[in-house]
Amino acid sequence: MDGNSVKAILFDLDNTLIETNRAGHFAIQKTSELLKTSLAIDDDTIPNICDKFKQKLMHEKFDPADGRSIDEIRVGHWEDSIKESVESPSSPSLAAQCYYLWKNSRLELLSLSPEVASLLKQLRRKYKLLLLTNGNTQTQREKVEAVGCENFFDRIVVGGDHAEQKPFPSIFRLCFDLLQVEPQDCIMVGDSLDTDIQGGVNAQVRATVWINSAGVALPLDSVTPDYTLSTVLDLEDVLAQLNQ
C-alpha cells in the first residue's frame with residue numbers, strides 16, 4: 001500500500017455488522033408471550049410493560065460502584081415495568097424470567113451473516129480491522145462471543161472497559177495505538193451519527209462511513225458523514241474510491 005491508502009478499518013458492531021434491533025424485537029415478542037401466560041391482564045398492557053422496559057434500557061446508567069451487576073439492573077427494569085403497569089402483585093420470579101428470556105432470545109438470534117463474514121475475511125487480507133463497540137462490558141462481550149467476532153478482527157475494543165466511549169477521541173487514540181496507525185490511515189464505519197460518525201470526525205480519521213439501513217434522511221443539525229451506505233456489504237466501493 002502507498003502512503004495515501006487506507007490501512008485500517010474501525011467497525012461498530014450493533015446494527016452495523018449484526019442486526020441487533022431485529023434481534024431485540026424478536027426477544028420482546030418472546031417475552032410478551034411469557035407475560036401473556038403469566039399475568040391476567042388485557043392485551044394493551046403487555047406492550048405497555050415492554051415499552052417501559054425499552055425506555056429504561058435506553059436511559060440506563062451502569063455504575064459498577066453500586067455493587068449490582070448489569071443482569072441485576074435489568075431484572076430490576078422488568079420488575080419496575082411490571083409494577084408500574086399492573087395493579088395486582090406478580091410472582092417475584094417473573095421479572096427474572098422475563099429478563100433472561102429477553103436476553104437469551106436476543107443473543108440466540110444475533111449472528112454475522114455469511115455475506116458479512118465473507119466481507120470481513122476479504123478485507124482482513126488488505127487492512128487491519130478493529131471492532132469498536134460502545135456499551136456495558138459484560139453485555140457487549142456476550143454479543144462478541146455469541147457472534148464469534150474474535151475470528152475476524154485484529155483487535156476488539158469495548159467502550160465499557162474504558163473511561164470514555166465513542167464519540168470521545170481518547171478511545172479512538174487507543175484504537176490507533178493498538179493498530180499502530182495514524183488517524184488518517186483509518187476509516188470509521190457505523191450506524192450511529194452521534195457516536196460512530198461524530199467520533200470519527202472528532203478523531204480526525206480519513207473518512208467516515210454511515211450505515212443507513214433504514215434509509216432515513218440526514219437530520220439538519222447532524223454531523224455529515226463522508227459516505228453513506230445502505231449496507232456494510234457495499235464498503236469495498238468506498239475503499240476503491242479512497243485508494244484511487
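Let's start with Cys175, which counts as buried at 0% relative accessibility. Please keep in mind that this is a predicted model. Does Cys175 have a partner, and what is the closest cysteine sulfur to its own? That sulfur belongs to Cys186, and at 8.6 Å it is too far away for a bond.

Cys98 makes a nice companion case. Cys98 is also buried, again with 0% relative accessibility. For Cys98 the closest cysteine sulfur sits in Cys50, 7.6 Å away, which is too far for a bond as well. As a reminder, a disulfide is a covalent bond between the sulfur atoms of two cysteines. The cut-off used here is 2.5 Å between the sulfur atoms, so neither the 7.6 Å of Cys98 nor the 8.6 Å of Cys175 qualifies. And for the structure as a whole, the disulfide count is zero.

Now, Cys98 brings us to a helix pair, as Cys98 is one of the H4 residues that meet H3. Two packed helices are described by the angle between their axes and the distance between the axes. Here, H3 covers residues 70-85 and H4 covers residues 94-109; their axes come within 8 Å and cross at roughly 120°. How are H3 and H4 oriented to each other? They are oblique, and the crossing is right-handed.

Who takes part in the contact? On the H3 side we have Asp71, Arg74, Val75, Trp78, Glu79 and Ile82. Facing them from H4 are Leu94, Ala95, Ala96, Cys98, Tyr99, Tyr100, Trp102, Lys103 and Arg106. Sorted by class, that contact has 10 nonpolar residues, five charged ones and no polar ones.

Next, let's visit a loop. Where is Thr16? Thr16 lies between strand S1, residues 8-11, and helix H1, residues 20-38. Is Thr16 buried or exposed? With 7% relative accessibility, Thr16 counts as buried. Leaving aside residues up to four places away in sequence, Thr16 touches Val189, Gly190, Asp191, Ile211 and Val232.

Finally, let's zoom out to the chain. Its secondary structure comprises nine helices and six strands. The C-alpha trace spans about 70 × 40 × 35 Å along its principal axes. The chain has 244 residues, and 45% of them count as buried. If you take contacts between residues at least 6 apart in sequence, 65% join residues at least 24 apart. The touches of Thr16 on Val189 and Val232 show what such pairings look like on the structure.

How values were computed. Residues are numbered from 1 along each chain as its sequence is written. This is a predicted model: local features need pLDDT of at least 70, side-chain atom pairs count only at pLDDT 80 or more; totals for chains, interfaces and linings use all residues. Side-chain values use heavy atoms; hydrogens and water are left out. Buried means under 20% relative accessible area, exposed over 50%, partly exposed in between (1.4 Å probe, protein chains only). Axes are lines fitted to C-alpha atoms, for helices over the stretch in contact, and angles run from 0 to 180 degrees between N-to-C directions. Helices (H or I, at least four residues) and strands (E, at least two) are DSSP runs, numbered from the N terminus. Angles under 35 degrees count as roughly parallel, over 145 as roughly antiparallel, 65 to 115 as roughly perpendicular and the rest as oblique. A crossing is left-handed if the near helix is turned anticlockwise from the far one by less than a right angle, and right-handed if clockwise. Contact means heavy atoms within 4.5 Å. Ala, Val, Leu, Ile, Met, Phe, Trp, Tyr, Cys and Pro count as nonpolar, Asp, Glu, Lys and Arg as charged, and the others, Gly among them, as polar.
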